[in-house]
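I opened this model to look up strand pairing, burial and one helix contact. My notes follow in the order of the look-ups.

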Amino acid sequence: MEMNDIIEELKASIIEALNLEEMTPADIDASAPLFGDDGLGLDSIDALEIIVLLEKNYGIRLANAGEGKKIFTSVENIARYVCENRTK
Amino acid sequence: MATIIADCILSPLGLSASDTLDAILAGKTGLKRHAPVPGLPFDFTASIFSGEMEREFMVDGFSRFESLALTSIRKALADCDVPFDRRTVFILSSTKGNIGDYDGVSDFTDIILPASAAKLAEAIGVTTTPLTVCNACVSGVSALALAHRLLSGGEYDYAIVCGADVQSPFIISGFHSLKALDLNECRPFDIERLGLNLGEAAATVVLKADDTNAEGQYRIVSASSRNDAMHITNPSPSGEGCMQAIKAVMADNDTDIALINAHGTATMYNDQMESKAISRAGLGGLPVNALKGYLGHTMGAAGIVETVLTMHALEKGVILPTRGFEEIGVSGKIDVTREMLHTSKTAFLKIISGFGGCNCAVLLDKKEAAATAVNQPNLSSSRHVRLTPAGAFVDGKKVSEETGASMLTAIYKSEIGDYPKFYKMDSLSRLAFVATELLLKYDNGLERIEPSSRAVVFFSHSGSIKTDTEYISTIKSPDAFFPSPSLFVYTLPNITAGEVAIRNHYNDETLFIMLENKDWAAMEQVNRAMMLDASARSLVSGWIEYIDDLNFEADIHLFNKI
């Protein structure tokens with residue numbers, strides 16, 4: 001699977017898992033920050049929900065939320081991590 | 001004030017308060033590493049009753065949770081004399097009650113907390129309406145505060161207050177999904193702390209409306225609750241709400257207190273927050289201890305278990321060490337006990353914080369004190385909202401053409417629209433949120449109330465049952481075990497009041513009470529009790545119930561204190 005396909009797949013699954021009802025994949029800038037006041041403004045529970053999503057869809061297990069913080073800087077970064085570490 | 005005339009603790013360390021304390025003094029802990037069990041595909045450390053102890057507290061015809069509560073209540077009642085008339089109230093404190101016995105599919109009528117409370121009340125002979133406090137981790141202290149005010153305000157002469165919770169894959173998987181569990185024994189306030197351990201226990205106190213002549217018994221001097229109004233799970237980094245609760249309790253008291261018994265869950269955020277709150281309240285010089293290293297986090301029981309344990313330790317002249325604590329790992333300047341200390345003081349402060357932004361503090365002492373006159377507040381309803389699938393009504397007038405399953409989202413879009421967090425809420429929170437928004441939207445002509453002085457209380461029969469069922473579906477199959485952290489958080493129904501507090505910056509008390517039915521007399525008693533808080537001036541209060549998308553109801557008022 002190409003990086004771009006994973007990015008699109010991730011955008012759609014993040015919107016669904018986090019109930020970002022008023023957003024479409026096109027609204028998410030793949031390189032923009034996911035947390036904090038810029039970008040999507042996600043919070044700590046969203047980060048935990050993304051950890052579940054990565055395990056469910058790609059078989060990636062993150063031991064703690066701290067590990068997630070380094071990867072969850074943008075959709076692009078998550079996609080790169082998925083490419084390198086997916087087990088399904 | 002309210003005097004504690006009897007108490008009892010049932011814990012994996014002992015089936016009485018003194019047995020539990022003796023085990024702690026002998027260096028024991030209830031915490032044990034457990035291998036994976038069906039429904040929990042990972043190791044965990046928790047304080048769980050042995051099969052032998054379980055056989056001692058089980059009662060025929062009652063669930064494991066109910067048996068634990070009932071045995072604790074019966075033991076406390078055996079040590080005192082309580083009349084079972086209309087002047088005695090029973091208050092149950094629990095976060096999830098029987099949830100571990102529920103499959104997520106069958107009829108839930110007998111599973112939910114009001115059913116347990118009714119069974120327990122009948123078994124012990126209480127004839128008044130039982131109140132179930134379901135206020136996440138602070139439930140136990142919320143229940144003590146409520147009892148204190150119901151007695152001080154003259155609503156009742158006696159209160160039997162029982163806090164209980166048992167463990168199950170539901171709860172352990174939820175905290176695991178929040179990455180909040182330490183795989184090994186927890187280390188409160190320590191630099192190496194990694195999270196909490198869960199535990200099961202029950203504790204009961206029997207309270208009598210103040211009798212200033214009674215000597216040698218502990219009394220609740222003062223109790224208070226404040227909301228951070230910041231986030232549904234993360235506490236305020238500055239400890240604002242917790243500090244405000246401490247200050248409210250200590251305001252009129254120059255009591256020489258022996259210690260602060262903290263919540264001390266050993267999560268990164270909680271312990272840091274408490275250290276800030278204690279030092280900002282000017283109490284950094286006092287010994288602080290946390291008891292989670294002995295019994296884990298016993299949730300709805302914690303506030304009562306830890307209060308009673310601290311009472312019994314002080315009776316012996318000791319302040320218990322904080323098991324698991326070695327090197328300070330919080331930035332607030334506080335003095336956490338590493339070794340056992342000796343004291344002749346009797347007064348202490350219990351603090352506790354939890355999901356939904358709640359923070360509570362309660363001050364207890366044995367010294368005699370003069371009775372203080374309490375003026376029962378009067379409340380007047382300034383606005384009323386009723387919302388069902390048949391429509392939304394403000395003061396009886398229909399305000400939206402929307403009806404049916406999708407009406408909450410439709411009303412959000414047409415009447416509110418500026419709060420995308422709405423979409424992240426569960427159904428019960430959406431209902432509470434939309435109803436409160438309508439209540440406040442049509443509140444233009446009224447005197448503006450400072451947010452810090454407004455409290456929120458919601459009453460319900462089924463609470464979070466819809467979200468409980470949704471969460472169970474994420475943990476049911478061993479092949480698809482993906483517990484959802486966000487769903488789990490919303491299985492604490494008091495998050496509803498937290499959401500309203502966050503939206504409107506309300507810093508006063510938030511509370512969630514479960515009842516068998518929409519009993520306005522019981523609800524009014526609780527409303528009056530909440531308004532006894534010195535700073536509270538107004539109250540969002542009412543009934544919220546969300547069974548499914550075609551069966552829901554909000555019936556809420558905005559009350560002002562007059």
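**Strands and a helix pair in chain B**

I began with a residue pair: B:Ser47 stands opposite B:Gly199 in strand 7 of chain B. I kept in mind that this is a predicted model. The strands concerned are strand 3 (residues 44–47) and strand 7 of chain B, which I found paired in the parallel sense over 2 bridges.

Next I looked up the sheet around them. It is an open sheet of 3 strands in chain B, ordered 2-3-7, and its pairing is mixed. Strand 2 (31–34) and strand 7 (198–199) of chain B each have a single partner strand and stand at the edges, so one side of each has no neighbour in the sheet.

I then turned to strand 6 (residues 158–165) of chain B. Is strand 6 of chain B enclosed by the rest of the structure or not, and why? I found 8 of its 8 residues buried, so strand 6 of chain B is largely enclosed by the rest of the structure. I checked its faces separately, since in a regular strand the side chains alternate between the two faces of the sheet. On one side B:Tyr158, B:Ile160, B:Cys162 and B:Ala164 are buried, and on the other B:Ala159, B:Val161, B:Gly163 and B:Asp165 are buried.

I listed the partners of strand 6 of chain B as well. Strand 4 (residues 88–93) of chain B runs parallel to strand 6 and is joined to it by 6 bridges; here B:Ser93 stands opposite B:Gly163. Strand 8 (residues 201–209) of chain B pairs with strand 6 in the antiparallel sense over 8 bridges, with B:Val161 opposite B:Val205.

Strand 23 (residues 551–561) of chain B was the next entry. Of its 11 residues 9 are buried, so strand 23 too is largely enclosed by the rest of the structure. Strand 17 (residues 379–388) of chain B pairs with strand 23 in the antiparallel sense over 8 bridges, and B:Val385 faces B:Ile556 across that pairing. Strand 22 (residues 538–548) of chain B is also antiparallel to strand 23, over 10 bridges. A hairpin through 2 residues joins strand 22 to strand 23 of chain B, and B:Glu545 stands opposite B:Glu553.

Last, I looked at helix 11 (residues 407–416) and helix 12 (residues 427–441) of chain B. Their axes come within 10 Å and cross at roughly 35°. The crossing is left-handed. Residues making the contact include B:Leu408, B:Ile411 and B:Tyr412 of helix 11 and B:Leu431, B:Phe433 and B:Val434 of helix 12 of chain B. By class I noted 8 nonpolar, 2 polar and 4 charged residues in this contact.

Note on methods: Residues are numbered from 1 along each chain as its sequence is written. Chains are lettered from A and ligands numbered from 1 in the order in which they are written. This is a predicted model: local features need pLDDT of at least 70, side-chain atom pairs count only at pLDDT 80 or more; totals for chains, interfaces and linings use all residues. Side-chain values use heavy atoms; hydrogens and water are left out. Axes are lines fitted to C-alpha atoms, for helices over the stretch in contact, and angles run from 0 to 180 degrees between N-to-C directions. Helices (H or I, at least four residues) and strands (E, at least two) are DSSP runs, numbered from the N terminus. A crossing is left-handed if the near helix is turned anticlockwise from the far one by less than a right angle, and right-handed if clockwise. Contact means heavy atoms within 4.5 Å. Ala, Val, Leu, Ile, Met, Phe, Trp, Tyr, Cys and Pro count as nonpolar, Asp, Glu, Lys and Arg as charged, and the others, Gly among them, as polar. Two strands pair if DSSP finds at least two bridges between them. Buried means under 20% relative accessible area, exposed over 50%, partly exposed in between (1.4 Å probe, protein chains only).
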